[in-house]
Amino acid sequence: MTDEKKLTSQSVDYSAWYNEVVVRAELADYAPVRGCMVVMPYGTALWENCQQGLDRRFKETGHQNALFPLLIPMSFLQKEKDHVEGFKPELAVVTIGGGKELEEPLVVRPTSETVIGHMYAKWVRSYRDLPILINQWGSVVRWEMRTRLFLRTSEFYWQEGHTAHATSDEAQEETRRMLGVYADFAINDAAIAVAEGRKSRTEKFAGAVASYSIEAMMGNKWALQAGTSHFFGQNFAKAFEIRYLDEKNELQYCWTTSWGLSTRMIGAIIMVHGDDQGLKLPPKLAPYQVVIVPIWREEGQKGAVLEAVERVRAELASRFRVKVDAREGYTPGWKFNEWELRGVPLRIEIGPRDVAQQSVMLARRDVAGKAGKSPASMAGLADTVVKLLDTIQAGMLASAAAFMKANTHEARTYDELKQIVADGWAKAYWCGDDECEAKIKEETKASNRNIPLDQGDGGPGRCVVCGQPAEEWAYWARAY
Ligand SMILES: [Zn+2]
């Protein structure tokens, strides 16, 4: 259990705050292999709720789940030139199996385009087999030097969708549709405002024609890429011979996509919503939406209080994820702090006076202190809780969106951009040139987050670096 020490304040050391929250809220712990993480039961419950929210959306958009192998022949990765160059430095390779040197080294999958491409080549024969819409839940390994629980670990958990289509238009539509699914999940389930946009040439996925991302603003105003969707054109179809016979009986290459969202999303949830008291979880994803804390001073009061607690729990349990904390040996105040640190959206306190009045005390995690507390009648409590959780969910999204808006500014000159990215996101026109992008990154540490799909009503402008005409503007920010 957590110790009594207060968390490091966000304003003192944001990074220390983050690490402490992850461990003390019991989301994850450090694994024996450097750079790997153990996702603890509370973190896993949070991830499972993310999975459910996403999986439902994937199925609503026509996808099915499948499971592909962890090990991929090294030669597969070499088939797509950009792909292997992008991933080579991060590969973990198996060279011995069953005590013998393998004829061909096997890669622990860093992502599954290659092996899935190989299978699609086998499965697709005619236009009637298309589209193929498959998603996989699993983990991948990308060797990392500098790691951070949930944000960057050598092994991480995720889902990867892989689709094959008959036409370029269909594949591009799929790429954008799944970006939209991620944005919808982030906004409506995780209560996180996001910017949907296209990645720059240098930031796109290895082997993609175009990559898109959702980007969210963390509490320290850095950006975090929280989900990506890629259009591959025919790159992987050509490398893996994914072909079909069209209606005229002519052989055509498919058009493919992939899209992924990982446990990084948990890092985003922590950093977008968390405060000096700890985690603050959106009701839709919280492992426990409600925690009930019984309060008694004298042993004689205990029976009646616990009986009322059980009645309330039974009424709420069919509609909410409820936890009763009746542990002995901890004061109510200690428990309040504990569940605040672990981000439970709503606390219900029940003491002898509440029992006498057939009422409870509600305490919201998103509104600190007395202002977040209100009494409620035990009669009809479930309806009161539904409304309150909805209010909390909506309030968390509104404050995340307001924070992002308040800390995003337009930069008309390079000097303005420098100032803005020191403490926020900049919106700035960019000519599209790699050199101008590299200069910004080198001199300000801010990277091109994405080029928003919604360019607003701003017409063409001038590149903030070189002054050349620019068609589009991009978000620039320090990023994880
Ligand atoms: Zn330029």
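**Exercise 1. Find the residue of β22 that is the bridge partner of R198, and place β22 in its sheet.**

Step 1. In β22, R198 has I451 as its bridge partner. Strands here are DSSP runs (E, at least two residues), helices are DSSP runs too (H or I, at least four), and both are numbered from the N terminus. The model is predicted: local features need pLDDT of at least 70, side-chain atom pairs count only at pLDDT 80 or more, and totals for chains, interfaces and linings use all residues. Residues are numbered from 1 along each chain as its sequence is written, and side-chain values use heavy atoms, with hydrogens and water left out.

Step 2. Turn to the strands. β9 and β22 are antiparallel, with two bridges between them. Two strands pair if DSSP finds at least two bridges between them.

Step 3. Take the other neighbour. β22 (residues 447-452) runs antiparallel to β25 (residues 472-477), and three bridges join the two. N450 stands opposite Y475 of β25.

Step 4. Read the whole sheet. It is open, has eleven strands and mixed pairing, and follows the order β3-β7-β8-β14-β11-β10-β9-β22-β25-β21-β20. β3 (64-65) and β20 (408-410) are the edge strands, each pairing on one side only.

Step 5. Check burial. Six of the six residues of β22 are buried, so the strand is largely enclosed by the rest of the structure. Buried means under 20% relative accessible area, exposed over 50%, and partly exposed in between (1.4 Å probe, protein chains only).

**Exercise 2. Identify the strands that helix α2 lies across, then those that helix α12 touches.**

Step 1. Helix α2 (residues 41-60) lies across β3, β7 (132-141), β8 (155-165) and β14 (255-262). Its angle to β7 is about 160 degrees. Axes are lines fitted to C-alpha atoms, for helices over the stretch in contact, and angles run from 0 to 180 degrees between N-to-C directions. Contact means heavy atoms within 4.5 Å.

Step 2. Helix α12 (residues 381-406) also packs on the sheet. It touches β9 (195-198), β10 (210-217), β20 and β21 (425-430). The direction of α12 makes about 30 degrees with that of β20.

**Exercise 3. Describe the coordination of the zinc ion and the burial of its donor residues.**

Step 1. List the donors. The SG atoms of C431, C436, C463 and C466 coordinate the zinc ion at 2.3 to 2.4 Å. Donors are N, O and S atoms within 2.8 Å of the metal (3.2 Å for Na, K and Ca); water is not among the atoms, so sites may look incomplete.

Step 2. Assign the geometry. The four donor atoms subtend angles of 105 to 116 degrees, which makes the arrangement tetrahedral. For four donors, that label requires all angles to lie between 85 and 135 degrees.

Step 3. Trace the chain. The donor spacing is C-x4-C-x26-C-x2-C. C431, in the loop between β21 and α14 (434-444), and C463, in the loop between β23 (461-462) and β24 (469-470), are 32 residues apart.

Step 4. Sort by accessibility. C463 is buried at 4%, and C436 is buried at 8%. C431 is partly exposed at 28%, as is C466 at 36%.

Technical notes. Four donors count as tetrahedral if all angles lie between 85 and 135 degrees; four count as square planar and six as octahedral if opposite donors are over 155 degrees apart and all others between 65 and 115; anything else is irregular.
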